[in-house]
Amino acid sequence: MTNKYAEGYPAKAYYGGCQFVDVAETLAIERAKQLFGCNFANVQPNSGSQMNQAVFLALLQPGDTFMGLDLNSGGHLTHGSPVNMSSKWFNVVSMASAATTTASTWMKSPPAQRTQAQAHHRRALPYSRIWDWKRFREIADSVGAYLMVDMAHIAGLVAGGEHPSPVPHAHVVTSTTHKSLRGPRGGLILSNDEDIARKMNSAVFPGLQGGPLMHVIAARRSRLAGAAPRIQDLCEERCRQRPHAGGEPSETGLDIVSGGTDNHSMLVDLRPKNATGKRAEAALGRANITCNKNGIPFDPEKPFVTSGIRLGTPAGTTRGFGEAEFAEIGRLISEVMDGLKASNSDEGNAAVEAAVKAKVIELTDRFPLYAGM
């Protein structure tokens with residue numbers, strides 16, 4: 001299916017010979033609807049950015065106002081970052097709160113009502129905590145706005161029943177398929193509103209994209225086919241790691257933003273360790289622990305430096321890690337951070353990093369890469 005052009009939608013393609021790719025896409029749509037309990041799904045977006053752009057194209061006109069989360073507060077580039085199309089084409093009321101890796105966006109609210117929505121949202125929950133979607137919809141309705149939820153990071157938890165679903169409350173829900181869903185790269189757009197769904201379909205094609213990547217859509221169909229039971233197992237395992245994913249703070253000395261997590265992810269404030277995210281990312285990389293530097297709420301550092309790192313459990317749980325392994329990872333991260341603090345330099349502590357690297361290799365040797373899949 002890699003080279004099959006299928007511009008359009010099932011039974012409405014602009015090319016001949018699409019009868020088999022139509023079957024694949026129809027199955028992917030039906031399985032997405034079943035997994036998330038919605039009436040409409042579009043499985044064609046090539047990426048998370050394009051799925052969000054499709055929402056803008058469908059529901060906004062250039063110059064309209066929407067409210068999105070600031071990048072340092074857990075928002076995505078497409079949620080209104082000054083360097084992104086979402087900010088260049090629209091008027092963004094950027095929210096800085098205690099942070100969230102998902103974003104709920106109010107669109108088309110007139111200037112006089114933006115203050116009201118903003119005042120309500122100042123008490124937003126941290127990204128690693130449970131979101132009250134019903135309350136968000138009430139706020140959106142109070143200002144005559146759409147509610148969009150980008151649940152890319154928690155989609156697997158929503159599918160597995162470990163996080164409340166935004167689908168019954170939001171006008172539109174978007175998600176990638178490659179994070180906690182553990183599938184191929186790409187995006188989904190979900191809705192229960194037929195009129196909005198029709199606009200979304202037109203925005204994806206022909207509005208933004210040409211021929212869909214049918215090989216990826218077929219892979220999503222396969223992933224979604226048996227997703228529910230496997231996702232449930234993984235989600236339960238991930239959520240059991242909540243207190244352990246970074247080790248106990250009292251044990252590791254790692255400062256978890258918001259004091260903990262209700263899902264699979266967490267943001268670590270490294271300032272108590274006298275480290276930046278850039279230094280930590282490099283030092284942990286040398287020790288064979290891959291993570292990313294990440295801004296913290298109201299971060300004093302630049303985006304390429306940051307004051308934090310972001311950690312999550314999906315890759316580890318997919319591999320087969322349990323509580324003991326995540327507690328060990330937390331201790332290993334802390335060892336590297338302590339060595340970095342003692343060295344007070346970009347070079348870190350070579351002896352500590354080498355010792356941790358050896359422990360990481362021993363740990364991963366016990367869990368072959370695909371054994372947990």
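Student: What covers the buried residues of α11?

Tutor: In this predicted model, the cover over the buried residues of α11 includes β12, β13, α13 (323–343) and α14 (350–365).

Student: Which residues of helix α11 are called buried, and what is the criterion for that word?

Tutor: In helix α11 (residues 277–286), the buried residues are G277, A280, A283 and L284. The word requires a relative accessible area under 20%, so G277, A280, A283 and L284 each lie under that limit.

Student: How do you know that the buried residues of α11 line one face of the helix?

Tutor: Viewed down the axis of α11, the buried residues fall within an arc of 130°, and therefore they line one face of the helix. Just after α11, N288 takes a positive phi of about 70°.

Student: What makes β12 an edge strand?

Tutor: The open sheet consists of four strands in the order β10-β11-β13-β12, with antiparallel pairing. Within that sheet, β12 (292–294) pairs on one side only, as does β10 (255–256), and these are the edge strands.

Student: Why are β12 and β13 said to pair?

Tutor: Pairing requires at least two bridges between the strands. β12 and β13 (residues 308–312) have three bridges in the antiparallel sense, so the requirement is met. In β13, I309 is the bridge partner of K293.

Student: Why is G259 called exposed?

Tutor: The relative accessible area of G259 is 63%. Exposed means over 50%, so G259 qualifies. G259 belongs to the loop between β10 and β11 (265–269). Its C-alpha atom is separated by 9.5 Å from that of S128, a residue 131 positions away along the chain.

Student: How do you know that the buried residues of α5 are on the same side of the helix?

Tutor: The buried residues in α5 include W133, F136, I139 and A140. They cover an arc of only 120° around the axis, which places them on the same side of α5. After α5 comes G144, with a positive phi near 65°.

Student: Which residues touch the most other members of the largest nonpolar core, and which element gives the most to this core?

Tutor: The largest nonpolar core has 36 residues, of which F36, V149, M151, V173 and L190 touch the most other members. Elements giving two or more residues to this core include α1 (19–36), α5 (133–142) and β9 (187–191). α1 gives the most, with six residues.

Student: What is F36 in contact with, leaving aside its neighbours within four places in sequence?

Tutor: With those neighbours left aside, the contacts of F36 are M151, A155, V158, A159, S165, V167, L181, L188 and L190. Contact requires heavy atoms within 4.5 Å, so F36 satisfies that limit with each of these residues. A second, separate core has 26 residues, M266, A283, I289 and V360 among them.

Student: Why is β9 described as mostly covered?

Tutor: Five of the five residues of β9 are buried. G187, I189 and S191 point one way from β9, while L188 and L190 point the other way, and all are buried.

Student: How do you know that β9 pairs with strand β3 and with strand β8?

Tutor: The criterion is at least two bridges. Strand β3 (residues 40–42) and β9 share three bridges in the antiparallel sense, and A41 stands opposite L190 in β9. Strand β8 (residues 172–176) is joined to β9 by four bridges, again antiparallel, with S175 opposite L188. Both pairings therefore satisfy the criterion.

Terms used: Residues are numbered from 1 along each chain as its sequence is written. This is a predicted model: local features need pLDDT of at least 70, side-chain atom pairs count only at pLDDT 80 or more; totals for chains, interfaces and linings use all residues. Side-chain values use heavy atoms; hydrogens and water are left out. A nonpolar core is a set of buried Ala, Val, Leu, Ile, Met, Phe, Trp, Tyr and Cys residues joined through side-chain atoms within 4.5 Å. Buried means under 20% relative accessible area, exposed over 50%, partly exposed in between (1.4 Å probe, protein chains only). The arc is that of the directions from the helix axis to the C-beta atoms.
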